[in-house]
Amino acid sequence: GIQQLRADKFFYGVQAISLQHGITHSQLQEVSTDRALAAAATRTIVLVDHSKFGRLAPALVLPLDKVHVIVTGAETASEFVEPLRERGITVIAA
């Protein structure tokens with residue numbers, strides 16, 4: 001199964017990201033697979049546009065301390081970007 005996989009990087013497009021609650025998703029059947037893929041990777045790289053910040057979905061996928069890099073758009077508010085950087089997460093605003 002997935003537990004036997006190893007990867008250097010896991011790129012993950014997210015539905016909702018919150019400074020308080022981490023990365024959440026509404027599709028409960030996908031959450032365990034997403035968690036397992038993140039656990040199999042050395043680095044988790046999250047891809048998220050500005051509209052997903054500050055949102056919350058029912059199921060926790062990952063706490064922010066499991067995220068290494070966040071790639072987002074330049075329009076993402078600094079009120080989200082700066083606290084992420086303070087937690088040691090690399091934020092790339094493209």
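What percentage of the 94 residues of the protein count as buried? In this predicted model, the share of buried residues is 39%. The radius of gyration is 13 Å, which agrees with the value near 12 Å for a compact globule of 94 residues. Along the principal axes, the C-alpha atoms occupy a box of roughly 40 × 25 × 20 Å. The accessible surface amounts to about 5400 Å², and carbon and sulfur atoms contribute 51% of that area. Among contacts with a separation of 6 or more, 66% join residues that lie 24 or more positions apart.

The secondary structure consists of 2 helices and 7 strands. Their succession along the sequence is β-β-β-α-β-β-β-α-β. The strands are described below by sheet, followed by the helices and by three individual residues.

One open sheet contains 4 strands in the order E1-E4-E6-E7, with parallel pairing. Its edges are formed by E1 and E7; each has a single partner strand, so one side of each is without a neighbour in the sheet. From one strand to the next, the twist of this sheet averages 20 degrees. Within the sheet, E4 and E6 run parallel and are joined by 3 bridges. Leu 47 has Val 71 in E6 as its bridge partner. The pairing of E6 (residues 69–72) with E7 (residues 90–93) is also in the parallel sense and extends over 4 bridges. In that pair, Ile 70 is placed opposite Val 91 of E7. Together with helix H2 (residues 78–86), E6 and E7 make up a β-α-β unit, and this unit is right-handed.

A further open sheet has 3 strands, ordered E2-E3-E5 and paired in the antiparallel sense. Here the edge strands are E2 (16–18) and E5 (59–62), each of which pairs on one side only. The average twist from one strand to the next is 40 degrees. Between E2 and E3 (residues 22–25), the antiparallel pairing comprises 3 bridges. Ala 16 is found opposite Thr 24 of E3. Helix H1 (residues 28–40) packs on this sheet, where it touches E3 and E5, and the direction of H1 makes about 15 degrees with that of E5.

Helix H1 also lies across E1 and E4 of the parallel sheet, at about 125 degrees to E4. The buried residues of H1 are Val 31, Asp 34, Ala 38 and Ala 40. Cover for these residues includes E1 (7–13), E3, E4 and E5.

Three residues illustrate different local settings. Ile 45 is located in strand E4 (residues 41–47). Its relative accessible area is 7%, and Ile 45 is therefore buried under the 20% cut-off. Beyond its neighbours within four places in sequence, Ile 45 is in contact with Lys 9, Phe 10, Phe 11, Tyr 12, Val 69 and Val 71. Gly 13 is 32 residues from Ile 45 along the chain, and the separation of their C-alpha atoms is 8.7 Å.

Thr 76 belongs to the loop between E6 and H2. With a relative accessibility of 8%, Thr 76 counts as buried. When neighbours within four places in sequence are left aside, the contacts of Thr 76 are His 50, Phe 53 and Val 81.

Gly 54 occupies a position in the loop between E4 and E5. Its relative accessible area is 53%; because this value is over 50%, Gly 54 is classed as exposed. Apart from neighbours within four places in sequence, Gly 54 is in contact with Ile 17 and Phe 80. The C-alpha atoms of Gly 54 and Ala 74 are 16 Å apart, with their positions 20 residues apart along the chain.

Note on methods
Residues are numbered from 1 along each chain as its sequence is written. This is a predicted model: local features need pLDDT of at least 70, side-chain atom pairs count only at pLDDT 80 or more; totals for chains, interfaces and linings use all residues. Side-chain values use heavy atoms; hydrogens and water are left out. Two strands pair if DSSP finds at least two bridges between them. A crossover is right-handed if, with the strands pointing away from the viewer, the path from the first strand over the helix to the second runs clockwise. The radius of gyration is taken over C-alpha atoms; the globule rule is 2.2 Å times the number of residues to the power 0.38. Buried means under 20% relative accessible area, exposed over 50%, partly exposed in between (1.4 Å probe, protein chains only). Contact means heavy atoms within 4.5 Å. Accessible areas come from the Shrake-Rupley method with a 1.4 Å probe; for residues, only the protein chains shown count as cover. Axes are lines fitted to C-alpha atoms, for helices over the stretch in contact, and angles run from 0 to 180 degrees between N-to-C directions.
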